[in-house]
Amino acid sequence: MLLLLSCCERLTDFFISQCGLPETRRSWYIYALQTRISMFLSTAGMMLLGCLVATPYQVICFLVGILSLRRRLGGYHAKTPLRCLFLSIGVSILCLSIVNSLVQYSLSILIWILFISLSFAVFNSSPHSSPNCPLTPDELVASRIKAKYILIWNLFLILLLQIFFANSNCALYCEMGIIAAAISFFVSKFKEVKSSLSEKMAGKLDDLTRCDMREWPLTSIPIYYQPQHPQRETDNTDK
């Protein structure tokens, strides 16, 4: 992460000093370089190593499915560029291998079932707002509409692939890309709900603790084990 950031900062400073770019946009130039370089490395790695387990056309169909939907839907993001690179490549190889195995054992119907069910769930969900790229309420609404359009467009693409390229199973790889994007989206949603729930539970625990600290005289537990009561601090009970 620091290496990529350092390279982007040096490139930005070079262009500002040598090419007359405005200094006020420095942070935006760094952001643009970081996103493009990270995206290029991840996509190139997924494409090159994905060809080890599938044909180039099948890998392209997979990338179209996952990248087009994740762009508007959002999803899980690794904390560093290096983790993102390895995770992206690993997920692509795993998904391509799953499609190969299911086709080999004539279980491709499972991909269709999973694709339809997850597509329906995604169609009725709101996009994920990443902490590093927070969306306003208006942006969430706009992204949700665009995500629906992308999902519908991918559906037509899958139908065309199924009609004209059925022998290559390209439609299944495109479906798997959408499935991977949907799973990533719901993982991020789960983490968001988990974080919110943890904060609520922590607040509830603090309220219960304050009640116990203010209680006078002390009461014992009517059943089960009585833990050791903490030493009362009368000066800090209301703090």
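This is a short dialogue on reading helices, burial, cores, cavities and backbone angles in a predicted model.

User: Before we start, what kind of model is this, and how are residues numbered?

Analyst: It's a predicted model, where local features need pLDDT of at least 70, side-chain atom pairs count only at pLDDT 80 or more, and totals for chains, interfaces and linings use all residues. Residues are numbered from 1 along each chain as its sequence is written, and side-chain values use heavy atoms, with hydrogens and water left out.

User: Okay, helices. What span should H5 have, and what do its ends show?

Analyst: Helices here are DSSP runs of H or I with at least four residues (strands are runs of E with at least two), numbered from the N terminus. The expected span is 1.5 Å times one less than the number of residues. H5 covers residues 109-123, so its 15 residues should span 21 Å, and the end C-alpha atoms are indeed 21 Å apart. Try H2 as well: its 25 residues should span 36 Å, and its end C-alpha atoms are 36 Å apart, which agrees.

User: Which residues of H5 are buried?

Analyst: Buried means under 20% relative accessible area, exposed means over 50%, and partly exposed is in between, with a 1.4 Å probe and protein chains only. In H5, the buried ones are Ile111, Phe115, Leu118, Ser119 and Val122. Looking down the axis of H5, these buried residues fall within an arc of 105°, so they line one face of the helix; the arc is taken from the directions from the helix axis to the C-beta atoms. Ile109, Ile116 and Phe120 sit on the other side of H5 and are exposed. Alanine 121, also in H5, counts as partly exposed at 27% relative accessibility.

User: What covers the buried residues of H5?

Analyst: Look for contacts, meaning heavy atoms within 4.5 Å. The cover includes helix H3 (56-73), helix H4 (81-104), helix H6 (137-164) and helix H7 (170-214). Take isoleucine 111: leaving aside neighbours within four places in sequence, it is in contact with Val99, Leu102, Leu172, Glu175, Met176 and Ile179.

User: How do I read the largest nonpolar core, and which residues touch the most other members?

Analyst: A nonpolar core is a set of buried Ala, Val, Leu, Ile, Met, Phe, Trp, Tyr and Cys residues joined through side-chain atoms within 4.5 Å. The largest one has 36 residues, and Phe62, Leu69, Ile111, Tyr173 and Met176 touch the most other members. H3, H4, H5, H6 and H7 are the elements giving two or more residues to this core, with H7 giving the most, at 12 residues.

User: And H2? What do its buried residues pack against?

Analyst: In H2, Ile30, Ser42, Gly45, Met46 and Gly50 are buried, and the buried residues of H2 pack against helix H1 (2-19), H3 and H4. Zoom in on methionine 46, which lies in H2 (residues 26-50) and is buried, with a relative accessible area of 5%. Setting aside neighbours within four places in sequence, methionine 46 is in contact with Val59, Phe62, Leu63, Ser88, Ile89 and Ser92. Its C-alpha atom is separated by 7.6 Å from that of isoleucine 93, although the two are 47 residues apart along the chain.

User: Is glutamine 58 buried or exposed?

Analyst: Glutamine 58 lies in helix H3 and counts as buried, at 11% relative accessibility. Not counting residues up to four places away in sequence, glutamine 58 touches Ser168, Cys170 and Tyr173.

User: How many cavities of 30 Å³ or more are there?

Analyst: Rolling a probe the size of a water molecule over the atoms shows where empty space is left. On a 1 Å grid over the protein atoms alone, a cavity is a set of points where a 1.4 Å probe fits but cannot get out, and lining residues have an atom within 4 Å of a point. The search finds 1 cavity of 30 Å³ or more, and the largest cavity has a volume of about 40 Å³. Its lining includes Leu73, Val122, Phe123 and Arg144. H6 supplies the largest share of that lining, 4 residues.

User: Last one: where is phi positive in a residue other than glycine?

Analyst: Most residues other than glycine have a negative phi. Serine 106 has phi near 55°; it is in the loop between H4 and H5 and counts as exposed at 63% relative accessibility. Asparagine 169 has phi near 60°; it is in the loop between H6 and H7 and is partly exposed, with a relative accessible area of 23%.

How values were computed: 1 Å grid on protein atoms, 1.4 Å probe; cavity = no way out; pocket = protein on both sides within 12 Å on 5 of 7 lines; lining within 4 Å. Points joined across faces, edges and corners; volume = space filled by probe spheres on them.
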